[in-house]
Amino acid sequence: MAAAGALERSFVELSGAERERPRHFREFTVCSIGTANAVAGAVKYSESAGGFYYVESGKLFSVTRNRFIHWKTSGDTLELMEESLDINLLNNAVRLKFQNCSVLPGGVYVSETQNHVIILMLTNQTVHRLLLPHPSRMYRSELVVESQMQSIFTDIGKVDFTDPCNYQLIPAVPGISPNSTASTAWLSSDGEALFALPCASGGIFVLKLPPYDIPGMVSVVELKQSSVMQRLLTGWMPTAIRGDQSPSDRPLSLAVHCVEHDAFIFALCQDHKLRMWSYKEQMCLMVADMLEYVPVKKDLRLTAGTGHKLRLAYSPAMGLYIGIYMHAPKQGQFCVFQLVSTESNRYSLDHISSLFTSQETLIDFALTPTDIWALWHDAENQTVVKYINFEQGSLGTELEDH
């Protein structure tokens, strides 16, 4: 299934039988760090997959028309593929192997600028930036008539994966939790690459790579709620009220929304709370208890959250939507909110909808400004895709097949 056209809900199901041919992957080793023994005892991460479509994929005469990138991760391997519904893309599949590292599930983030496609990648020990030419810079003709083209991955063999400008070890302190799979990454308006990960003791740290074409230093910022509260309250309040972060507050899911020269980092934590940080100000701007929206919350409050997931969707007309999946033993629940801001730089959540789910196991979900799309395993371990328009749904509405 791939997104098509400009409408947010439009989609097309592809039958690959006629087009499918054996795919040839070119393999590259990205790095060789750490020790094999460390990896042997590491947590086994689940496989993951994702996709990216170009901004002008819906424009008729664009070189990126009906063109998209998708990927799969498994263990130490990342497979990247660029596809087109209109033409044959040459050299369009690569397999990257991260020696002595494991790729974090969901730890792949793709962005495009005027000149480049930039892929940010996270493993349990490293962060990477992969800089590739944008298709519009490879083919400058306004009218594309060729039946085949070179993929953006054609010259990936020339990339120096050990260039310190685009590759860094994750610091051991504060370090990420060895079982944590939460991550997010983004490009700043100045071209910096930023990677956010949970701290082992709670909170978030952000590793920043300088712009690829400007010499600079790698920096690490730790976002800790206690330091924020001390700044706001001049340090006189008791620790419990200040809100010192602890391992029980560790983020389970992270997401980022870029705004002008800042980035809002959202963290859904083990204590069932959603926190919103300003990266620029290094401040926690909002804390919301998600259990306030769960009908039966007593049992959940006594235990640390597991399986909670967070996704964002932005609409220029309607603003930022926040989708939360609250995992519970008997019944899961989606909550959708809109971020509300005031002139005094205060933020709150406007509750749009709550949707209850069946006993199927949620693998992953995506949020658009109108719908929730969810991938499940049912009781027979079959894969099921469902979606629902959350604005038409109401409390008690069950996610249904479509």
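**Notes on the predicted model**

1. Start with Phe365: its relative accessibility is 4%, so it counts as buried. Bear in mind while reading that this is a predicted model. The ring of Phe365 has a partner in Phe334: the centres are 5.0 Å apart and the planes stand at 75°, which makes the pair edge-to-face. Phe334 sits in strand S24 (residues 333-341) and Phe365 in strand S26, so the two rings tie together parts 31 residues apart in sequence. Phe334 is buried too, at 1% relative accessibility.

2. That pair belongs to a wider group. Tyr325, Phe334, Phe365 and Trp376 make up one aromatic cluster. For context, the structure holds 10 aromatic pairs. Another of them is Phe264 with Tyr347, where the ring centres are 5.3 Å apart and the planes are at 75°, so this one is edge-to-face. Here the link runs from strand S19 (Phe264) to strand S25 (Tyr347), so it ties together parts 83 residues apart in sequence. Both rings are buried: Phe264 has 7% relative accessibility and Tyr347 has 17%.

3. Now the sheet that carries Phe365. It is an open sheet of three strands in the order S26-S27-S28, with antiparallel pairing. S26 and S28 are the edge strands; each has a single partner, so one side of each lacks a neighbour in the sheet. On average, neighbouring strands here are turned by 20° against each other, direction ignored.

4. Some detail on how those strands pair. S26 and S27 run antiparallel and are joined by six bridges, with Ala366 partnered by Trp373 in S27. S27 (residues 371-377) pairs with S28 over seven bridges, again in the antiparallel sense; there, Trp376 is opposite Val384 in S28. The S27-S28 hairpin has five residues between the strands, and Asn381 takes a positive phi near 65°.

5. What about S28: how many of its seven residues are buried? Five of the seven (the strand covers residues 383-389), so S28 is largely enclosed by the rest of the structure. That is worth setting beside its edge position, since the free side of S28 is free of a neighbour in the sheet.

6. Glu360 deserves a look. The residue is in the loop between strand S25 (347-356) and strand S26 (361-367). Is Glu360 buried or exposed? It is buried, with a relative accessible area of 18%. The side chain of Glu360 makes a polar contact of 2.8 Å with that of Lys386. Beyond neighbours within four places in sequence, Glu360 is in contact with Trp376, His377, Asp378 and Lys386.

7. There is also an open sheet of four strands, ordered S18-S19-S20-S21 and antiparallel in its pairing. Its edge strands are S18 (251-259) and S21 (283-289), each pairing on one side only. Neighbouring strands in this sheet are turned by 20° against each other on average, direction ignored. S18 pairs with S19 (residues 262-269) over eight bridges in the antiparallel sense, and Leu254 stands opposite Ala267 in S19. Phe264 from point 2 lies in S19.

8. Earlier in the chain, strand S4 (residues 48-53) pairs with strand S5 (residues 67-74) over six antiparallel bridges, with Lys72 in S5 as the bridge partner of Ala49. S5 in turn is joined to strand S6 (residues 77-84) by eight bridges, running antiparallel; His70 is opposite Met81 in S6. The S5-S6 hairpin has two residues between the strands, and Gly75 takes a positive phi near 60°.

9. Gly75 leads on to Phe98. The two residues are 23 apart along the chain, and their C-alpha atoms are separated by 8.9 Å. Phe98 is in strand S8 (residues 93-99) and is buried, with 1% relative accessible area. Leaving aside neighbours within four places in sequence, its contacts are Val30, Cys31, Asp76, Leu78, Val103, Met121, Thr123 and His128.

10. Last, confidence. The protein averages a pLDDT of 81, and 78% of the residues score at least 70. Residues 1-10 fall below 50, although this stretch has 19 contacts in the model beyond near neighbours in sequence. Residues 394-398 are also below 50, with 14 such contacts. Where pLDDT is low, the predicted coordinates should not be read in detail.

Methods:
Residues numbered from 1 in each chain as written. Predicted model: local features only at pLDDT ≥ 70, side-chain atom pairs only at ≥ 80, totals over all residues. Heavy atoms only, no water. Buried < 20%, exposed > 50% of the residue type's maximum accessible area, 1.4 Å probe, protein only. Pairing = 2+ DSSP bridges. Polar contact = N/O pair within 3.5 Å; in protein donor to acceptor, adjacent residues only side chain to side chain. Contact = heavy atoms within 4.5 Å. Axes fitted to C-alpha atoms, helices over the stretch in contact; angles between N-to-C directions. pLDDT = per-residue confidence, 0-100. Phe/Tyr/Trp six-rings, centres within 6.5 Å; stacked < 30°, edge-to-face > 60°.
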